[in-house]
Amino acid sequence: MLMASKYEEIWAPEVKGIVCLTTYTHEQILVMEKTILYQLEWTLTVPTPLVFLVRFIKATVPDQELENMAHFLSELGLVHYATIMYCPSMIAASAVFAARCTLNKTPLWNETLKLHTGYLQEQLMECSRLLVSFHSMVGDEEELKVVHRKYSDPQKRAVAMLPPANYLLPEGSVSQQS
């Protein structure tokens with residue numbers, strides 16, 4: 001509880017406040033905090049695709065539609081287990097690439113995006129195809145419907161209602177929105 005409050009709160013409680021709530025001593029609380037942090041190797045958070053997405057979107061000089069589409073595709077990836085094999089920066093870069101493909105932006109990928117993301121267009125294809133496939137399956141899978149509803153709102157430019165970039169998908173893939 002002490003560690004969580006130190007992480008989340010601006011004014012975390014003092015150890016003596018925690019002692020009053022528990023049966024542990026001041027010393028026991030501090031020793032346990034140190035033990036837990038040591039076991040976690042002082043890693044309390046990991047970057048999510050959002051951390052990278054914000055930076056990559058800035059590099060693409062987006063309009064609101066591109067920004068919303070990239071967030072939509074990234075969030076589709078977050079709720080689907082198949083993306084677990086990709087690192088957060090790959091998901092974010094692939095979401096930007098797939099958004100640019102979906103919205104027919106040219107060029108699809110450029111030197112600036114390559115510089116800021118560290119990825120070549122070819123490296124993004126597999127993950128981008130996966131994100132586009134989620135977009136095309138949005139009517140079929142329950143976990144994708146919530147994200148679809150969020151991005152169907154006019155305030156989000158209703159980007160979820162746009163047709164997916166099916167040309168990125170392998171031939172024979174079936175799309176709900178084609």
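In the UniProt record, an unreviewed entry, the annotation "domain: Cyclin C-terminal" is assigned to residues 47-165. In the model examined here, which is predicted, this span is 61% helix and 0% strand, and its end C-alpha atoms lie 27 Å apart. A second annotation from the unreviewed UniProt entry, "domain: Cyclin-like", covers residues 51-133. Over residues 51-133 the chain is 71% helix and, again, 0% strand, with a separation of 23 Å between the end C-alpha atoms. Apart from these annotations, the protein chain is divided into domain 1, comprising residues 1-40, and domain 2, comprising residues 49-168. The C-alpha centres of domain 1 and domain 2 are 40 Å apart.

The largest nonpolar core contains 41 residues, among which Phe72, Leu73, Leu76 and Val96 touch the most other members. At least two residues of this core are supplied by each of the helices α4 (49-59), α5, α6 (88-102), α8 and α9, and the greatest contribution to the core is that of α6, with 10 residues. The general background to such an arrangement is that nonpolar side chains tend to be buried together in soluble globular proteins. The surroundings of Val96 can be described in further detail: when residues up to four places away in sequence are not counted, Val96 touches Leu53, Phe56, Ile57, Thr60, Ala70, Trp109 and Leu113.

Helix α9, which spans residues 142-150, has Leu144, Val147 and His148 as its buried residues. These three cover an arc of only 105° around the axis, and they therefore lie on the same side of α9. The face of α9 turned away from this buried side carries the exposed residues Glu142, Val146 and Arg149. The packing partners of the buried residues of α9 are α5, formed by residues 64-78, and α8, formed by residues 121-136.

Several features of the backbone were examined with respect to the general pattern that most residues other than glycine have a negative phi and most peptide bonds are trans. The peptide bond from Thr106 to Pro107 is cis, with an omega near -10°, and Pro107 is located in the loop that lies between α6 and α7 (111-117). The loop between α6 and α7 also holds Asn104, a residue other than glycine whose phi is positive, near 55°. With a relative accessibility of 59%, Asn104 counts as exposed. A positive phi, of about 65°, is likewise found at Arg157, although Arg157 is not a glycine. Arg157 belongs to the segment after α9 and, at 48% relative accessibility, counts as partly exposed.

Within helix α2, which is formed by residues 15-21, Gly17 was considered together with Val19, which is found in the helix as well. Gly17 is partly exposed, its relative accessible area being 31%, and Val19, at 25% relative accessibility, also counts as partly exposed. The C-alpha atom of Gly17 is separated by 9.5 Å from that of Leu2, a residue 15 places away along the chain. For Val19 and Gln39, which are 20 residues apart along the chain, the separation between the C-alpha atoms is 23 Å. The contacts of Val19, not counting residues up to four places away in sequence, are with Tyr24, Thr25, His26 and Ile29.

The cysteines were considered last, a disulfide being a covalent bond between the sulfur atoms of two cysteines. Under the criterion that the two sulfur atoms be within 2.5 Å, the count comes to zero disulfides. The cysteine sulfur closest to that of Cys87 is in Cys127, at 8.5 Å, and this distance is too far for a bond. The reciprocal relation holds for Cys127, because the closest cysteine sulfur to its own is that of Cys87, at 8.5 Å, which is likewise too far for a bond. As for the accessibility of these residues, Cys87 is partly exposed, with a relative accessible area of 37%, whereas Cys127, at 0% relative accessibility, counts as buried.

Key: Residues are numbered from 1 along each chain as its sequence is written. This is a predicted model: local features need pLDDT of at least 70, side-chain atom pairs count only at pLDDT 80 or more; totals for chains, interfaces and linings use all residues. Side-chain values use heavy atoms; hydrogens and water are left out. Buried means under 20% relative accessible area, exposed over 50%, partly exposed in between (1.4 Å probe, protein chains only). Helices (H or I, at least four residues) and strands (E, at least two) are DSSP runs, numbered from the N terminus. The arc is that of the directions from the helix axis to the C-beta atoms. Contact means heavy atoms within 4.5 Å. Domain bounds come from an automatic or database domain assignment. UniProt positions are given in the numbering used here, feature names are shortened, and annotations may be inferred rather than shown by experiment. A nonpolar core is a set of buried Ala, Val, Leu, Ile, Met, Phe, Trp, Tyr and Cys residues joined through side-chain atoms within 4.5 Å.
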